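Me: I would like a close look at one part of this structure, a helix and whatever it packs against, with the reasoning laid out carefully. Please carry on afterwards to other parts that can be described in the same way.

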Amino acid sequence: MKQMAKRACGVLLALALLCGLTACGSDGGNTNNTAAKEHVFRAEDVKLELEKTVNNARNICKVGERLYMMSYTWGETGQEPSLVSMNMDGTDAKIIELAINSEQSDNSMGGFSDGGIAVPEMVDPRAHIEPAEEPAENGETDMPAEESDGENETQTAGESDGAEEPAETDGDAPAEAESVGSGDTPAETESVGSSDTSAETEGEGSGDTPAETDGDAPADSDLPAAEPDIDKYPDDAVTVSYGYNINNMVSDGANLYLLVDEYYNDYRDQNNPIYNENYFLVGIDSQGKEIWRQELAAHGNDSETYTYVNSIVGISQGVLCGIQNDAGNGYMLFDASGNKTDEFMLEIEDAGNFFVNGKGDLYLSYWGETDGSWQQILCSFDLATKTLSEPLSVPGLSGYNLNVCQNVYGGEYDLYFYDTIAVYGYKTGDADKTEIMNFIDSDLDSSYMNSLAVLDDRALLMLSYDYTANNYEGQFIVSRLTKVDPADVKDKTVLQLACYGNLWELRPLVIAFNKSNENYRIQINDYQSYDEANDWEAGITRLNNDIVSGNVPDILYLNDRMPISSYISKGLFADLYPMIDADADMKREDFLSNILEAYSVDGKLYQLVPSFSVNTVVGKTKYVGETPGWTLADLQAILPSLPDGIEIFPEMTQENFLYTVMNLAGGQFVDWKNGTCNFDSEEFIGLLEFCSTFPKEIDYEALYNNDSYWTMQETMYREDRALLSQFYLSNYHQYLELRYGSFGEEITMIGFPSAPGNGATINANLNIAISAKSKNQDGAWEFVRGYLLSEYQDTVSYAWPLRLDRLEEMKADAKQKPYWEDPTTGEREEYEDTYYINGEELTLPIMSDEEIQYVTDFLTSVSEVAVYDTALQTIVVEEAAAYFSGQKSAKEVAGVIQSRASIYVSENR
């Protein structure tokens, strides 16, 4: 992982370096960049001078004039949950240790279940629970089948069936516990609906912590008389685990509340395993001490239904909890002292998340079916009447890209949203949201953002994690983002870059360019953000409409869903060859000529492919021969000599094979330049007929239920139960795994039968074009050229590079044993290259010169580009169904496909 992190960081460093070395020029194009200056925020990292190192944090909560964040630090027992508290401006930062009274263990660990930080305590299995032969009685959530009047019983704070709770609770509590905030609470509170418990507790603001709690917790004598014999279990067998996760933290403005998920698992008796889980709402004071707790849900072996606590939210009345089970979506309201004051049900499909805006209004965000599609729905909620408003119409909300910002403590808008590009404000009733802050314009990478809080419209707080800091050990960062006056933003020529997704790689490279280039700045328009749940083509459609209408971006990241051939035939892309030839730092001979030629049309290069993989078909040499490239007739000729029962392509249906035909061999049936196609040819009819030899469908459930399925999968090529494997080749090492692992003997990358060339296709990992209509082609080239320089190409490791010198480096690496490098000392340690198959570890040899040359020769001979025109594929698959069902002959279907495809190709040439 550290090596991968280092490689990823190398991309950023490389591009930043090469941009710094780039000659800056301008063609005198438009320098009006008002839009790029309006949404710029300056990030200032808050220096937290803390006594411990905070490894990560999330959940920004405001209490009074201080901010609190859930965090974890490394302590004597591992990861320890804690709070980070600071003033609104980041000063006076403190770490507050959490003192949670775990029901399962006095020293159990905590962490965030959402974010990959869950640290169970796996130690002494003497848990506070009844033995396996007499399971503990689980507490049940009193969730009504229909709307409740609030009088249902619930357990008192601190109560948990089957879990020991000490009668004395003042062991670790100070004589005076400071309340978070200064809100007054009653001196005595009685738990709502509890008839047999009368726990007297001093209010949070009273300064007194109760010395005794009269709960129903069992006494020490209730524990099993004989403790399990721990020594009989091997040290590496994790048979018992218990602990807790802190799933969430919220504030009502004066108090902090935690959603704690406790668990106990005992697998010592494999026939009767014990598993129990309890959710608690826990109130804590400003010192991180638990004041009270209320059980929200419990389940385990004897539970009839699984109950899940979906969310909690702090509101003016206290804290509202969402609980989901088979009965439906229920909610409980607790006051600041832990008393349940209300509960109700909502007839919605998903429990969703309640949240409060900066004005104190309550909203519910959930997923449900609307207009025949599953989408995100947002409504305001009236707690008094328990009614939801009509769904708010916010453009982009129904898709999967726009997120609701739930940490809002100021600002003029009713709601705030964010995506990978920007932060937006929205006023109820407006036609669209308003952009407030643009991450790219602000030179901020939001890839690793944990939490975002809106303090007001000119100040945001962002929690993120820098994986490259501290010698790639990582570092938690708190950043205060402050709006910059547009007059203070330097004027640069703005280049528009359009893409459809793929931001994980693009975003850091653009930011590095923007920081280092003095003359140009790139703005990203991700058209995927325009997709809606009921229209997943909306983004592509909008991009096509923009291009047709003349709104062509300077730089375009191409995508398989774009009609690339149509763009080229319309003359929308600039020829990149003159730009390469005029660049003093490169020449055409530096690159793989077959890749450049494959993406050239009439001697002009319209697409740049910095890295790629090769899609081919692999088989044992003894069956398919030594020479790549063959026809369908060649394949059919060897079938009689194959072992009985062997599958040609394992688990391939008719439809799947037809898609494979289009991807690997479809290019030969379309001539985009002339706007013609030949799907009525004998070659295509033959492939269509061959498709019918595959099954219409496969019973995958039956396959997966076979206990030996995965073993059979691993060995099917070695044991001659399958002949051909479609494979994406991205590096030399994969050949070793195929040759010595999957197949176990000599292989040939034979290619797809009847496909042009050697039967393989080039699949671009990244595909870039420059608009022929751009007024700033020089500036666009300054960015694009970075992908061709060694600084970037040297970071290409898990794909084939375009530069020949980088390929030579990869060839040299293939002849060495693998190693790992200590990031601290830089020392290398070699290890054996292994491959696991059927539970057996195989040692892979180092590649020989002959094997390296074979792969290289194959790579440099690939000449066809993969065809992924979804509209064309849809035509072929739709019409082929009539042949597969016996309604028409293959020749008749081919004629229909030819007719429809000809119209499509002619219109989109």
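Reply: In α11, the buried residues are Q654, F657, L658, T660, V661, M662, N663, L664 and A665, and this description, like everything that follows, is read from a predicted model. Because nine of the twelve residues of α11 are buried, this helix is largely enclosed by the rest of the structure. Its length can be checked as well: at 1.5 Å a residue, the twelve residues of α11 (residues 654-665) should span 16 Å, and the end C-alpha atoms are indeed 16 Å apart, which agrees. When you follow the side chains around a helix, it helps to remember that an α-helix has 3.6 residues a turn, so residues three or four places apart point the same way.

What encloses this helix? The buried residues of α11 pack against β31, α12 (682-691), β34 (724-729), β36 (761-764) and α20 (870-884).

One of these neighbours, β31, leads us to a charged contact. The side chains of K620 and E745 meet in a salt bridge, with 3.2 Å from N to O. K620 lies in strand β31 (residues 611-620), whereas E745 lies in the loop between α15 (732-742) and β35 (747-748), so the pair ties together parts that are 125 residues apart in sequence. The two partners differ in how far they are covered, since K620 is buried with a relative accessible area of 2%, whereas E745 is partly exposed with a relative accessible area of 25%. Salt bridges that share partners join K620, K622, D720 and E745 into one network.

Elsewhere there are further contacts of this kind, for a search of the whole structure finds 32 salt bridges. Among them is the one between K386 and D342, whose closest N and O atoms are 2.9 Å apart. K386 sits in the loop between β16 (373-382) and β17 (387-388) and D342 in strand β13 (residues 340-346), so this pair ties together parts that are 44 residues apart in sequence. K386 has a relative accessible area of 16% and is buried, and D342 is likewise buried, with a relative accessible area of 16%. Another salt bridge joins D590 and K587, the closest N and O atoms being 3.3 Å apart. Here D590 is buried, with a relative accessible area of 14%, whereas K587, at 46% relative accessibility, counts as partly exposed.

Cysteines deserve a word of their own. A disulfide is a covalent bond between the sulfur atoms of two cysteines, and how many does a search of the whole structure find? The search finds zero disulfides. As for individual cysteines, C499 is buried, with a relative accessible area of 0%, and C691, at 0% relative accessibility, counts as buried too.

We can now turn from helices to strands. Strands of a sheet pair through backbone hydrogen bonds, either parallel or antiparallel. In this model an open sheet of four strands has the order β6-β7-β8-β9, with antiparallel pairing. The edge strands are β6 (240-251) and β9 (290-300), each of which pairs on one side only, and the twist averages 20 degrees from one strand to the next.

Consider how β7 fits between its neighbours. Eleven bridges join β6 to strand β7 (residues 256-266), and the two run antiparallel. β6 and β7 form a hairpin with four residues between them, and G253 in the turn has a positive phi of about 100 degrees. Along this pairing, S251 stands opposite L256 in β7, and Y242 has Y264 in β7 as its bridge partner. With strand β8 (residues 274-284), β7 pairs in the antiparallel sense over eleven bridges, and there V260 stands opposite F280 in β8. Eleven of the eleven residues of β7 are buried, which leaves this strand mostly covered. L256, L258, V260, E262, Y264 and D266 point one way from β7, while Y257, L259, D261, Y263 and N265 point the other way, and all are buried.

To close, a helix can be set beside α11: α16 (residues 777-784) is mostly covered, with six of its eight residues buried. Those buried residues of α16 are G779, A780, W781, E782, F783 and V784.

How values were computed
Residues are numbered from 1 along each chain as its sequence is written. This is a predicted model: local features need pLDDT of at least 70, side-chain atom pairs count only at pLDDT 80 or more; totals for chains, interfaces and linings use all residues. Side-chain values use heavy atoms; hydrogens and water are left out. Buried means under 20% relative accessible area, exposed over 50%, partly exposed in between (1.4 Å probe, protein chains only). A disulfide is a pair of cysteine sulfur atoms within 2.5 Å. A salt bridge is a side-chain nitrogen of Lys or Arg within 4 Å of a carboxyl oxygen of Asp or Glu. Two strands pair if DSSP finds at least two bridges between them. Axes are lines fitted to C-alpha atoms, for helices over the stretch in contact, and angles run from 0 to 180 degrees between N-to-C directions. The expected span of a helix is 1.5 Å times one less than its number of residues. Contact means heavy atoms within 4.5 Å.
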